Amino acid sequence: FLPQGYGIKLLNSSGTSSIINDVSNLGFMNPASISKFENYSFGFSYQFNTSIDEAWIADYGTSRVYNFYPQSAGGIVKWNDFTFGLGFGQKYNGTLDIDPIEVTTIEDPDGTGEFIEAKQETMIHSYSITASYSFKELLQTSNDLTLGFRYSLNYLDRYDEIWHLNGGATDYSSNIAVGLNYKISLYDQRHLIIGASYESKTDFEAKYEVDNSTVILYDPEDTTNTYIPAAQNEFYLIHDLPDELRLDLAFDAASDLKLLANLTSIFWATETNFLKDQIELSFSAVYKINEMFTPSLAFYITDFEYTDNFYSRLNEGLNALFITAGLKFNYDNFSADLAIADSHLFSGDYRKQTIGKIAIGVQL
């Protein structure tokens with residue numbers, strides 16, 4: 001599970017805020033934030049990443065797979081002060097790209113001309129249901145408090161292929177998230193929104209199964225292959241997605257300018273003794289030109305740090321600073337959400353990447 005495969009799941013035209021986002025990302029947002037969407041809203045997104053040729057030890061690369069799957073999708077419906085949402089999203093999508101390995105023997109130390117191909121593909125999909133409730137004009141003030149809850153069912157799909165062997169593992173695991181938003185009314189119809197959310201960890205324990213019942217032993221001196229039965233021992237692929245804590249601010253600096261900030265802590269250290277907790281920070285400025293066009297400019301900082309001596313040499317290459325830009329286009333009941341994030345200027349060698357994302361939404 002390479003760090004690059006987790007991506008930027010909250011990326012949208014406004015940056016990476018957990019409280020001001022697109023309806024397609026509702027499965028990743030602060031669950032209290034779905035109350036801001038209009039009734040009967042729906043959206044879906046697609047994402048495209050550039051591959052990273054050197055992303056890990058021994059020049060292993062990584063890329064995105066199965067781009068025909070949406071990156072995220074969501075829809076909401078309201079009933080009085082309640083808001084309900086259904087969501088889908090990809091929490092992980094990535095490969096371990098390995099160059100073909102040429103077969104060598106004692107007789108042919110420079111290679112037999114035959115190559116061993118290796119492939120590793122991993123995805124984690126999340127299916128969620130979210131509910132929120134808004135307390136309007138709390139304590140006889142113009143301030144609002146919203147509480148939210150989300151239940152997610154997560155699906156892990158792993159596929160490996162090495163030469164004549166292929167195998168994989170699948171598993172389901174659930175987790176929950178809770179959140180709150182407190183909106184403070186300021187002067188001139190401006191607001192300050194403070195948000196906090198917590199998402200519990202997800203534990204996968206997937207039985208790994210090899211599809212082939214035999215291993216082929218290559219013998220250059222023989223015209224036939226020798227078949228050796230594969231080992232029948234069972235083993236499991238264990239992977240945990242840790243707890244996450246998010247804090248957000250959204251401030252109307254002017255009638256047409258909104259400032260957003262997000263601080264996220266991902267608690268890897270509680271799941272493993274060779275990783276530090278991961279800190280992510282983002283800040284964005286969103287300017288509303290008119291009812292049709294709303295562009296933004298932002299940055300997003302993330303890291304991934306090992307504590308053991310062997311893997312700690314990777315730390316410098318895994319730090320990333322993405323510069324993001326976005327544009328929200330509204331026309332009648334339809335919207336297009338465009339975002340791009342690039343990390344080539346200020347990131348480690350293992351995180352230099354460009355991510356593009358487009359979302360289409362409709363309000364009925």
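Ile 52 is buried in this predicted model, with a relative accessible area of 4%, and since anything under 20% counts as buried, this residue falls well inside that class. Ile 52 lies in the loop between strand S1 and strand S2, the latter covering residues 72–79. Leaving out residues up to four places away in sequence, Ile 52 touches Gln 4, Gly 61 and Thr 62, and also the run of Asp 349, Tyr 350, Arg 351, Lys 352 and Gln 353. Ile 52 and Ala 261, by contrast, are 209 residues apart in sequence, and their C-alpha atoms are 28 Å apart in space.

One of the residues that Ile 52 touches, Asp 349, leads to the surface of the model. Asp 349 is found in the loop between strand S19 (334–342) and strand S20 (354–363), and Asp 349 is exposed, with a relative accessible area of 54%. Together with Asp 53, Glu 54, Asp 59, Asp 97, Asp 99 and Glu 316, Asp 349 belongs to a patch of negative charge on the surface.

**The chain as a whole**

The protein chain contains one helix and 20 strands. Its C-alpha atoms fill a box of roughly 85 × 40 × 40 Å, taken along the principal axes. Of the 364 residues, 46% count as buried. About 18400 Å² of the protein chain is exposed, and carbon and sulfur atoms supply 59% of that area. Among the contacts with a separation of 6 or more, 62% come from residues 24 or more positions apart. As for charge, the protein chain has 22 positive and 49 negative side chains, and the centres of these two sets lie 13 Å apart.

**Salt bridges**

The structure holds eleven salt bridges, and three of the pairs are listed below with the distance from N to O.

| Pair | N to O distance |
|---|---|
| Arg 150 and Glu 199 | 3.6 Å |
| Asp 160 and Arg 158 | 3.1 Å |
| Lys 258 and Asp 252 | 2.5 Å |

What does the salt bridge between Arg 150 and Glu 199 tie together? Arg 150 lies in strand S7 (residues 144–162) and Glu 199 in strand S9 (residues 191–199), so the pair ties together parts that are 49 residues apart in sequence. Both Arg 150 and Glu 199 are buried.

The partners Asp 160 and Arg 158 can be described in a similar way: Asp 160 is buried, with a relative accessible area of 12%, and Arg 158 is buried as well, with a relative accessible area of 11%. In the pair of Lys 258 and Asp 252, Lys 258 is partly exposed at 24%, whereas Asp 252 counts as buried at 11% relative accessibility. Elsewhere, Lys 9, Glu 244 and Arg 246 are linked in a network of salt bridges.

Asp 252 also appears among the contacts of Arg 190, which, apart from neighbours within four places in sequence, include Ile 184, Ser 185, Ala 253, Ala 254 and Ser 255. The place of Arg 190 is in the loop between strand S8 (165–185) and S9. Is Arg 190 buried or exposed? At 17% relative accessibility, Arg 190 counts as buried, because the cut-off for that class is under 20%.

**A buried residue before the first strand listed**

Asn 21 is found in the segment before strand S1, which covers residues 41–49. Asn 21 is buried, with a relative accessible area of 7%. Leaving aside neighbours within four places in sequence, Asn 21 is in contact with Leu 10, Asn 12, Met 29, Lys 36 and Phe 37. The C-alpha atoms of Asn 21 and Lys 36, which are 15 residues apart along the chain, are separated by 9.7 Å.

**Two residues with positive phi**

Most residues other than glycine have a negative phi. Tyr 66, however, has a phi near 55°, a positive value, and its place is in the loop between S1 and S2. At 35% relative accessibility, Tyr 66 counts as partly exposed. Asn 80 likewise has a positive phi of about 55° although Asn 80 is not a glycine. Asn 80 lies in the loop between S2 and strand S3 (82–95), and Asn 80 is exposed, with a relative accessible area of 66%.

Notes. Residues are numbered from 1 along each chain as its sequence is written. This is a predicted model: local features need pLDDT of at least 70, side-chain atom pairs count only at pLDDT 80 or more; totals for chains, interfaces and linings use all residues. Side-chain values use heavy atoms; hydrogens and water are left out. Patches are made of residues with over 30% relative accessible area and no salt bridge: like charges are joined within 9 Å, nonpolar side chains (Val, Leu, Ile, Met, Phe, Trp, Tyr) within 5 Å. Accessible areas come from the Shrake-Rupley method with a 1.4 Å probe; for residues, only the protein chains shown count as cover. A salt bridge is a side-chain nitrogen of Lys or Arg within 4 Å of a carboxyl oxygen of Asp or Glu. Lys and Arg count as positive and Asp and Glu as negative; His and the chain ends are not counted. The place of a charge is taken as NZ of Lys, CZ of Arg, CG of Asp or CD of Glu. Helices (H or I, at least four residues) and strands (E, at least two) are DSSP runs, numbered from the N terminus. Buried means under 20% relative accessible area, exposed over 50%, partly exposed in between (1.4 Å probe, protein chains only). Contact means heavy atoms within 4.5 Å.
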